[in-house]
Amino acid sequence: MIVLKTTRELKLMREAGRISAAALRLAGKSIEPGITTAEIDKIAYDFIISQGAKPNFLNYNGFPATACISINDEVIHGIPSKTRVINAGDIVSIDLGAAFEGYNGDNAATFACGDISDEAERLIRTTEESLYEGIRAAVHGNRVGDIGATIQQYVEQRGYSVVRDFVGHGVGTCLHEAPEVPNFGTPHRGVRLIPGMTIAIEPMINMGASSVKQMDDGWLIKTKDGALSAHFEHTVAITPDGPVILTQPD
(Lines give C-alpha, C1' and ligand atoms only; values in the text may rest on other atoms or scores of the structure.)
Protein backbone atom coordinates (compact mmCIF):
# COMPACT_ATOMS: atom_id res chain seq x y z
CA MET A 1 0.00 0.00 0.00
CA ILE A 2 1.27 3.46 -0.92
CA VAL A 3 0.94 5.96 1.90
CA LEU A 4 0.34 9.58 0.87
CA LYS A 5 1.83 12.16 3.22
CA THR A 6 0.03 15.16 4.68
CA THR A 7 1.51 18.65 4.80
CA ARG A 8 2.52 18.04 8.43
CA GLU A 9 4.16 14.74 7.57
CA LEU A 10 6.07 16.29 4.70
CA LYS A 11 7.48 18.90 7.10
CA LEU A 12 8.74 16.12 9.37
CA MET A 13 10.20 14.29 6.40
CA ARG A 14 11.92 17.46 5.26
CA GLU A 15 13.60 17.72 8.66
CA ALA A 16 14.58 14.04 8.55
CA GLY A 17 15.93 14.66 5.06
CA ARG A 18 17.86 17.74 6.12
CA ILE A 19 19.59 15.80 8.90
CA SER A 20 20.29 12.89 6.55
CA ALA A 21 21.78 15.19 3.93
CA ALA A 22 23.96 17.04 6.43
CA ALA A 23 25.23 13.74 7.86
CA LEU A 24 26.07 12.49 4.36
CA ARG A 25 27.91 15.69 3.48
CA LEU A 26 29.88 15.55 6.75
CA ALA A 27 30.80 11.90 6.19
CA GLY A 28 31.91 12.67 2.64
CA LYS A 29 34.09 15.56 3.76
CA SER A 30 35.86 13.27 6.22
CA ILE A 31 37.18 11.00 3.48
CA GLU A 32 40.96 11.10 3.23
CA PRO A 33 43.73 8.54 2.79
CA GLY A 34 44.17 6.48 5.95
CA ILE A 35 40.73 6.98 7.49
CA THR A 36 38.81 3.81 8.26
CA THR A 37 35.21 3.18 7.29
CA ALA A 38 34.39 2.74 10.99
CA GLU A 39 35.69 6.26 11.69
CA ILE A 40 33.49 7.67 8.92
CA ASP A 41 30.53 5.77 10.34
CA LYS A 42 31.13 7.21 13.82
CA ILE A 43 31.19 10.74 12.42
CA ALA A 44 27.78 10.19 10.81
CA TYR A 45 26.37 8.54 13.94
CA ASP A 46 27.49 11.33 16.27
CA PHE A 47 26.03 14.02 14.02
CA ILE A 48 22.64 12.36 13.61
CA ILE A 49 22.32 11.83 17.37
CA SER A 50 23.34 15.46 18.00
CA GLN A 51 20.36 16.57 15.90
CA GLY A 52 17.84 14.72 18.04
CA ALA A 53 17.37 12.05 15.37
CA LYS A 54 18.20 8.36 15.09
CA PRO A 55 20.35 6.56 12.49
CA ASN A 56 17.69 4.57 10.67
CA PHE A 57 20.08 2.06 9.11
CA LEU A 58 21.47 0.97 12.49
CA ASN A 59 20.01 -2.47 13.33
CA TYR A 60 17.62 -2.27 10.35
CA ASN A 61 17.09 -5.92 9.44
CA GLY A 62 20.22 -6.57 11.48
CA PHE A 63 22.53 -4.10 9.72
CA PRO A 64 25.19 -3.23 12.32
CA ALA A 65 26.09 0.36 11.46
CA THR A 66 24.85 3.88 10.74
CA ALA A 67 26.06 3.97 7.13
CA CYS A 68 26.65 1.59 4.28
CA ILE A 69 30.16 2.39 3.02
CA SER A 70 31.17 0.71 -0.23
CA ILE A 71 34.48 1.15 -2.03
CA ASN A 72 35.42 0.88 -5.73
CA ASP A 73 33.76 -2.30 -7.08
CA GLU A 74 31.48 -2.54 -4.04
CA VAL A 75 28.00 -1.45 -5.07
CA ILE A 76 26.05 -1.15 -1.81
CA HIS A 77 25.71 -2.39 1.79
CA GLY A 78 29.38 -2.28 2.79
CA ILE A 79 29.67 -2.75 6.57
CA PRO A 80 32.03 -0.22 8.19
CA SER A 81 35.11 -1.74 9.79
CA LYS A 82 38.02 -0.61 11.97
CA THR A 83 40.36 -2.46 9.61
CA ARG A 84 39.00 -1.16 6.28
CA VAL A 85 41.17 1.78 5.29
CA ILE A 86 40.39 4.28 2.53
CA ASN A 87 43.28 4.79 0.11
CA ALA A 88 44.11 7.61 -2.26
CA GLY A 89 42.40 7.03 -5.61
CA ASP A 90 39.46 5.10 -4.12
CA ILE A 91 35.86 6.02 -4.85
CA VAL A 92 33.65 5.67 -1.78
CA SER A 93 29.87 5.32 -1.82
CA ILE A 94 28.10 6.29 1.41
CA ASP A 95 24.41 5.52 1.95
CA LEU A 96 22.73 6.63 5.18
CA GLY A 97 19.61 8.11 6.67
CA ALA A 98 18.05 9.61 9.78
CA ALA A 99 14.70 9.12 11.45
CA PHE A 100 13.13 12.22 13.00
CA GLU A 101 9.95 11.93 15.05
CA GLY A 102 9.13 8.68 13.29
CA TYR A 103 9.79 9.83 9.71
CA ASN A 104 12.74 8.82 7.56
CA GLY A 105 15.23 10.43 5.25
CA ASP A 106 17.46 8.36 2.96
CA ASN A 107 20.30 9.51 0.71
CA ALA A 108 23.58 8.41 -0.84
CA ALA A 109 26.53 9.76 -2.80
CA THR A 110 29.86 8.58 -4.16
CA PHE A 111 32.97 10.53 -3.19
CA ALA A 112 36.55 10.61 -4.46
CA CYS A 113 39.47 10.08 -2.12
CA GLY A 114 42.08 12.46 -3.50
CA ASP A 115 42.88 12.25 -7.19
CA ILE A 116 41.01 9.56 -9.08
CA SER A 117 41.16 8.34 -12.66
CA ASP A 118 39.32 10.20 -15.40
CA GLU A 119 37.20 7.09 -15.92
CA ALA A 120 36.15 6.97 -12.27
CA GLU A 121 35.39 10.70 -12.27
CA ARG A 122 33.20 10.31 -15.34
CA LEU A 123 31.33 7.38 -13.76
CA ILE A 124 30.59 9.42 -10.63
CA ARG A 125 29.48 12.43 -12.65
CA THR A 126 27.22 10.37 -14.92
CA THR A 127 25.62 8.57 -11.98
CA GLU A 128 24.84 11.82 -10.19
CA GLU A 129 23.50 13.39 -13.36
CA SER A 130 21.30 10.33 -13.96
CA LEU A 131 19.77 10.82 -10.51
CA TYR A 132 18.73 14.36 -11.37
CA GLU A 133 17.41 13.23 -14.75
CA GLY A 134 15.25 10.70 -12.88
CA ILE A 135 14.07 13.34 -10.42
CA ARG A 136 13.00 15.60 -13.28
CA ALA A 137 10.79 12.75 -14.52
CA ALA A 138 9.16 12.38 -11.09
CA VAL A 139 6.23 14.66 -11.84
CA HIS A 140 2.55 14.35 -11.01
CA GLY A 141 0.86 12.24 -13.69
CA ASN A 142 3.96 10.39 -14.81
CA ARG A 143 4.55 6.78 -13.81
CA VAL A 144 7.36 5.01 -11.99
CA GLY A 145 8.46 3.56 -15.31
CA ASP A 146 9.15 7.06 -16.61
CA ILE A 147 11.73 7.57 -13.85
CA GLY A 148 13.47 4.27 -14.53
CA ALA A 149 13.42 4.63 -18.30
CA THR A 150 14.90 8.12 -18.07
CA ILE A 151 17.76 6.95 -15.85
CA GLN A 152 18.41 3.84 -17.94
CA GLN A 153 18.53 5.74 -21.22
CA TYR A 154 20.81 8.42 -19.82
CA VAL A 155 23.26 5.89 -18.39
CA GLU A 156 23.31 3.38 -21.24
CA GLN A 157 23.82 6.09 -23.86
CA ARG A 158 27.07 6.88 -22.05
CA GLY A 159 28.29 3.30 -22.02
CA TYR A 160 27.41 2.26 -18.45
CA SER A 161 25.03 -0.32 -17.04
CA VAL A 162 22.23 -0.11 -14.47
CA VAL A 163 22.14 -2.51 -11.52
CA ARG A 164 18.82 -4.35 -11.73
CA ASP A 165 18.93 -6.47 -8.58
CA PHE A 166 18.35 -3.48 -6.28
CA VAL A 167 16.00 -0.54 -6.74
CA GLY A 168 14.66 2.61 -5.15
CA HIS A 169 11.57 2.64 -2.96
CA GLY A 170 8.95 4.60 -1.10
CA VAL A 171 9.97 6.29 2.16
CA GLY A 172 7.91 7.43 5.13
CA THR A 173 7.37 6.09 8.62
CA CYS A 174 9.12 3.00 7.29
CA LEU A 175 12.52 3.25 5.65
CA HIS A 176 11.31 1.07 2.79
CA GLU A 177 7.71 1.45 1.63
CA ALA A 178 5.78 0.88 -1.59
CA PRO A 179 6.28 1.48 -4.42
CA GLU A 180 9.50 0.03 -5.76
CA VAL A 181 11.31 2.56 -7.98
CA PRO A 182 13.60 0.74 -10.45
CA ASN A 183 16.39 2.56 -12.27
CA PHE A 184 15.30 0.93 -15.51
CA GLY A 185 11.95 0.40 -17.15
CA THR A 186 9.42 1.30 -19.80
CA PRO A 187 7.92 4.77 -20.14
CA HIS A 188 4.25 5.16 -19.17
CA ARG A 189 4.27 1.91 -17.17
CA GLY A 190 3.99 1.22 -13.48
CA VAL A 191 2.47 3.09 -10.56
CA ARG A 192 1.20 6.57 -11.32
CA LEU A 193 2.89 9.40 -9.41
CA ILE A 194 0.53 11.59 -7.39
CA PRO A 195 1.02 14.38 -4.84
CA GLY A 196 1.79 13.12 -1.34
CA MET A 197 4.02 10.27 -2.50
CA THR A 198 7.57 10.26 -1.14
CA ILE A 199 10.13 8.08 -2.86
CA ALA A 200 13.85 7.36 -2.82
CA ILE A 201 15.38 7.48 -6.28
CA GLU A 202 18.80 5.84 -6.22
CA PRO A 203 20.67 4.85 -9.38
CA MET A 204 23.43 2.28 -8.84
CA ILE A 205 25.58 2.38 -11.96
CA ASN A 206 28.42 0.09 -13.02
CA MET A 207 31.31 0.86 -15.31
CA GLY A 208 31.12 -2.70 -16.62
CA ALA A 209 28.28 -5.21 -16.74
CA SER A 210 25.15 -4.89 -14.61
CA SER A 211 25.62 -8.24 -12.83
CA VAL A 212 26.35 -8.20 -9.11
CA LYS A 213 27.13 -10.74 -6.39
CA GLN A 214 26.51 -10.92 -2.65
CA MET A 215 29.46 -11.54 -0.39
CA ASP A 216 29.69 -14.02 2.47
CA ASP A 217 28.74 -11.49 5.17
CA GLY A 218 25.22 -11.49 3.74
CA TRP A 219 25.28 -7.73 3.12
CA LEU A 220 28.01 -6.47 0.80
CA ILE A 221 27.15 -6.38 -2.90
CA LYS A 222 29.95 -6.17 -5.47
CA THR A 223 30.12 -6.07 -9.25
CA LYS A 224 30.65 -9.55 -10.69
CA ASP A 225 33.31 -8.36 -13.12
CA GLY A 226 35.23 -6.23 -10.60
CA ALA A 227 34.40 -2.98 -12.41
CA LEU A 228 33.81 0.25 -10.50
CA SER A 229 30.33 1.19 -9.30
CA ALA A 230 28.78 4.47 -8.14
CA HIS A 231 25.60 5.25 -6.20
CA PHE A 232 23.58 8.43 -5.68
CA GLU A 233 20.22 8.87 -3.94
CA HIS A 234 17.71 11.51 -2.86
CA THR A 235 14.40 11.29 -1.05
CA VAL A 236 11.85 13.12 -3.19
CA ALA A 237 8.29 14.33 -2.60
CA ILE A 238 5.80 14.37 -5.46
CA THR A 239 3.90 17.68 -5.38
CA PRO A 240 1.45 19.48 -7.70
CA ASP A 241 4.28 21.88 -8.55
CA GLY A 242 6.87 19.25 -9.38
CA PRO A 243 9.33 17.06 -7.49
CA VAL A 244 10.82 18.42 -4.25
CA ILE A 245 14.11 17.02 -2.97
CA LEU A 246 13.76 16.42 0.77
CA THR A 247 17.38 15.42 1.34
CA GLN A 248 18.93 18.81 0.69
CA PRO A 249 21.46 20.15 3.20
CA ASP A 250 21.04 23.70 4.52
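1. A nonpolar patch lies on the surface of this predicted model. Its members are Ile2, Leu4, Val191 and Ile194, which together present about 260 Å² of accessible area. Ile2 belongs to the segment that precedes helix H1 (7-29). The relative accessibility of Ile2 is 31%, and Ile2 therefore counts as partly exposed; the class applies between the cut-offs of 20% for buried and 50% for exposed.

2. Strand E2 (residues 67-71) offers a contrasting environment. E2 is mostly covered, with five of its five residues buried. The side chains of Ala67, Ile69 and Ile71 point one way from the strand, while Cys68 and Ser70 point the other way. Both sets are buried. In general, the side chains of a regular strand alternate between the two faces of the sheet.

3. The pairing of E2 should be read together with its burial. E2 is joined to strand E4 (residues 91-96) by five bridges, and the two strands run antiparallel. Within this pair, Cys68 stands opposite Asp95 of E4. Cys68 is also one of the buried residues of E2.

4. Strand E11 (residues 198-201) likewise merits inspection on both faces. Thr198 and Ala200 point one way from E11, Ile199 and Ile201 point the other way, and all are buried.

5. E11 has pairing partners that can be traced residue by residue. Strand E9 (residues 168-170) is joined to E11 by two bridges in an antiparallel arrangement, and His169 has Ala200 of E11 as its bridge partner. E11 also pairs with strand E16 (residues 234-239), again in the antiparallel sense, over four bridges. There, Val236 of E16 is the bridge partner of Ile199. Ala200 and Ile199, named in these two bridges, point in opposite ways from E11.

6. A further sheet is open and consists of three strands in the order E8-E12-E15, with antiparallel pairing. Strand E8 (161-162) and strand E15 (229-231) are at the edges with a single partner strand each, so one side of each has no neighbour in the sheet. E8 pairs with strand E12 (residues 204-206) through two antiparallel bridges. Ser161 has Asn206 of E12 as its bridge partner.

7. One helix should be considered alongside the E8-E12-E15 sheet. Helix H3 (residues 118-136) lies across E12 and E15 and runs at about 35 degrees to E15. E15 is thus described in two respects: E15 is an edge strand of the sheet, and H3 lies across E15 as well as E12.

Notes:
Residues numbered from 1 in each chain as written. Predicted model: local features only at pLDDT ≥ 70, side-chain atom pairs only at ≥ 80, totals over all residues. Heavy atoms only, no water. Pairing = 2+ DSSP bridges. Contact = heavy atoms within 4.5 Å. Axes fitted to C-alpha atoms, helices over the stretch in contact; angles between N-to-C directions. Patch = residues over 30% accessible without salt bridge, like charges linked within 9 Å, V, L, I, M, F, W, Y side chains within 5 Å. Areas by Shrake-Rupley, 256 points an atom, 1.4 Å probe, with all protein chains shown as cover. Salt bridge = Lys/Arg side-chain N within 4 Å of Asp/Glu carboxyl O. Buried < 20%, exposed > 50% of the residue type's maximum accessible area, 1.4 Å probe, protein only.
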